[in-house]
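Student: Please take one helix of this model and go through it closely, then set it beside the rest of the structure. I would like to see how each step of the reasoning is made.

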Amino acid sequence: MKINPKFKVRDVAGEHIILLQGKNAGEMTKVVSLNSTSLLLWEQLKDKDFEPLDVVAILLENYDVEEAVALEDAKKWIETLRQNGIIYDPQ
Amino acid sequence: MSVLNFQCYSIAGHPIAISGGKELEIIENIPGFNVFAIAPTPCDLQIKFSEEVIPVDFTPFYTVDFGEGNYRCQLGKEGNDYRFSMVSTYQKQRYLSFSHSEGSTMVQLFLSEALRQTTTQEIADCIRFALWTAVGMLLAPLQAMSIHSSTIAYKGKAVLFLGESGTGKSTHTKLWLNNIENTHLLNDDSPFLAIENGTAMVYGSPWSGKTHCYHNVKLPIAGIVRLSQAPYNKIRRLSVLEAFGALQPSCPPGLSHDTFFTDRIVEMISTVLQSVPLYHLACLPDADAAKLSCETIFHQS
C-alpha cells in the first residue's frame, strides 16, 4: 500500500492537517488532523510502498509499546487513511 | 480600431489597473466600484479586456452557478494557465472567459458578442462576478482574499460573521446596528482579508451582495464568528482545528480546488488563526444574540 502523493500535510497554526476537498460547489471539505505519532508514520512512509508490519516496526522503534498493541494501532491508522482515500493499493 | 483606456482601483490595499473599451464605463457604473477607484498609478496587477478570444477547451475543476442559476461558471487549468468561462444557461451561449497564468500579475478577459448583445445590466452582472474571481486570483499570492462574511465595524475594529447563505449573517449584523451604539456595517457579503506584517486585517470591497455597503476602509480584526441557528443563544471559543473548519468554507470556494491557491489560502488561514480569536455562535435572531457576541469579543458587560 502507498500514501497517495496528491495529499499534503499542512501546518496550520501548529496543527498538522490533510485537506480532502469536495469535488463541487457546496460539498464539504474534510479535514484529517494528524497527532505526533500519525505525523511520524506519515513522514517515514510517505514515499514508500509499505505493509502493516512496516508501520508496526516504526511504532516499536519509537514508542515503548507491546507488539500486539502496536499492531492494533497500525491497523487503525491504515484503516482511517484508507477510508479517506489517502492510502491506496497501487495496481 | 478601438481605444484602450484604463482605470485603477484599490482592492485590499492593492492597486489594480483595469483596461479596455466600453467595459470601463460599465464597471464605473456598477454600484460600489466608484468608491474604490483611485487616481492613475503604475499598477503591477492588471486586468485587461481584450478582443482576443480566450479558448475554453479546458477540463473544469470547479463549477458554480450564480444569478439565480442563469449563469454557469467553470474554472479549470490548462498547463500553467487558469481558465474561467461563463455561459448563459438560458441562452446556451458563452458570455465571458478569462485566462491567468499561475503566478502572473495579469488576467485577460474576453466578452463574447452574445453577451454584448444583452442588456447593460446583464453585462454588468457578468463582469462583476468575473472581476471578483479574477481579483481573487491576482490577490491570493499577495496574501489577500475575499471572505464570505457580513462584517461589523465597532470601536475601530472589525468582527466578521460567517455562515452558509441563509444562516442569518446579515440578520445578526442588523441586530448589532440596531442594538449596539456606534456600530457600522463594513460589508455585507465579501470583504477582503489581508495579511499585513503578519497580522490579519479586513478591507471593505465593491462586492457586498444585495446590500449597497461600500467602504474603502481597512480595520484590524477583533474576532471572527461562525453562526448557526438555534432555539437559544450560546457562544463558544473554537480550538485551532475547529477554527480552521469554521473559516475555510468562507474562503474563495473555486480557488480551494487548486493546489497553488490552496497553499496560499491555508497560509493565510494559519496566520489568521494565530492572531484572531474565532467563535461559534448558536443564536436566535434577537438583540440578546448581538449583545452576547459583542460582550464576548470586546470583553465588556
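Tutor: A residue is called buried if 20 or more other C-beta atoms lie within 10 Å of its own, and exposed if 12 or fewer do; anything in between is partly exposed. Keep in mind throughout that this is a predicted model.

The helix to look at is α8 of chain B, residues 287-298. Helix α8(B) has twelve residues, and the distance from its first C-alpha to its last is 16 Å, close to the 16 Å expected at 1.5 Å a residue. By the count of neighbours, A289(B), A290(B), S293(B), C294(B) and I297(B) are buried in α8(B). These buried residues lie on the same side of α8(B), because they cover an arc of only 130° around the axis. What lies over them? The cover of the buried residues of α8(B) includes the strands β12 (157-162), β16 (218-229), β17 (234-237) and β18 (278-283) of chain B, together with the helix α5 (169-179) of chain B. After α8(B) comes H299(B), which has a positive phi near 45°.

Helix α8(B) belongs to a chain with two assigned domains. The domain assignment gives domain 1 as residues 5-142 of chain B and domain 2 as residues 145-298 of chain B. Their C-alpha centres are 26 Å apart. In the contact between these domains, domain 1 of chain B takes part with 21 residues and domain 2 of chain B with 23 residues. On the domain 1 side, the elements giving two or more residues are β1 (5-11), α2 (33-36), β5 (60-66), β6 (71-78) and α4 (120-139) of chain B. Of these, α4(B) gives the most, with four residues. That side of domain 1 of chain B consists of 14 nonpolar, five polar and two charged residues.

Two loops of chain B can be read with the neighbour count used for the helix. K92(B) sits in the loop between β7 (81-88) and β8 (93-101) of chain B. K92(B) counts as exposed because it has 8 C-beta neighbours inside 10 Å. Its phi is positive, near 55°, although the residue is other than glycine. E51(B) is in the loop between β4 (45-49) and β5 of chain B. With 9 C-beta neighbours inside 10 Å, E51(B) also counts as exposed. From E51(B) to L177(B) the separation is 126 residues in sequence and 46 Å in space, C-alpha to C-alpha.

Chain A offers a second helix for the same steps. Chain A has three helices and five strands, in the order β-β-β-β-α-α-α-β along the sequence. Its C-alpha trace spans about 45 × 35 × 20 Å along the principal axes. Of the 91 residues in chain A, 13% are buried.

Helix α3 of chain A runs over residues 67-83, and its 17 residues should span 24 Å at 1.5 Å a residue; the end C-alpha atoms are 24 Å apart, which agrees. Its buried residues are A70(A), A74(A), W77(A) and L81(A). They fall within an arc of 65° seen down the axis of α3(A), so they line one face of the helix. The face turned away from that buried side carries the exposed residues A68(A), K76(A), E79(A) and Q83(A). The buried residues of α3(A) pack against α1 (36-45), α2 (52-62) and β5 (87-88) of chain A. After α3(A) comes G85(A), with a positive phi near 75°.

Chain A also has a positive phi in a loop: A13(A), which is not a glycine, has a phi of about 45°. A13(A) is placed between β2 and β3 of chain A, and counts as partly exposed because it has 16 C-beta neighbours inside 10 Å.

Last, the two chains meet: 14 residues of chain A are in contact with 18 residues of chain B. On the chain A side, β2 (9-12), β3 (15-20) and β4 (30-34) of chain A are the elements that give two or more residues. The chain A side divides into six nonpolar, five polar and three charged residues.

As for confidence, the mean pLDDT of chain B is 95, with 98% of its residues at 70 or more. The model scores ipTM 0.83 and pTM 0.92.

Methods: Residues numbered from 1 in each chain as written. Chains lettered and ligands numbered in written order. Predicted model: local features only at pLDDT ≥ 70, side-chain atom pairs only at ≥ 80, totals over all residues. Contact = placed C-beta atoms within 7 Å. Nonpolar A, V, L, I, M, F, W, Y, C, P; charged D, E, K, R; others polar. Expected span 1.5 Å × (residues − 1). Arc of directions from axis to C-beta. Domains from an automatic or database assignment. pLDDT = per-residue confidence, 0-100.
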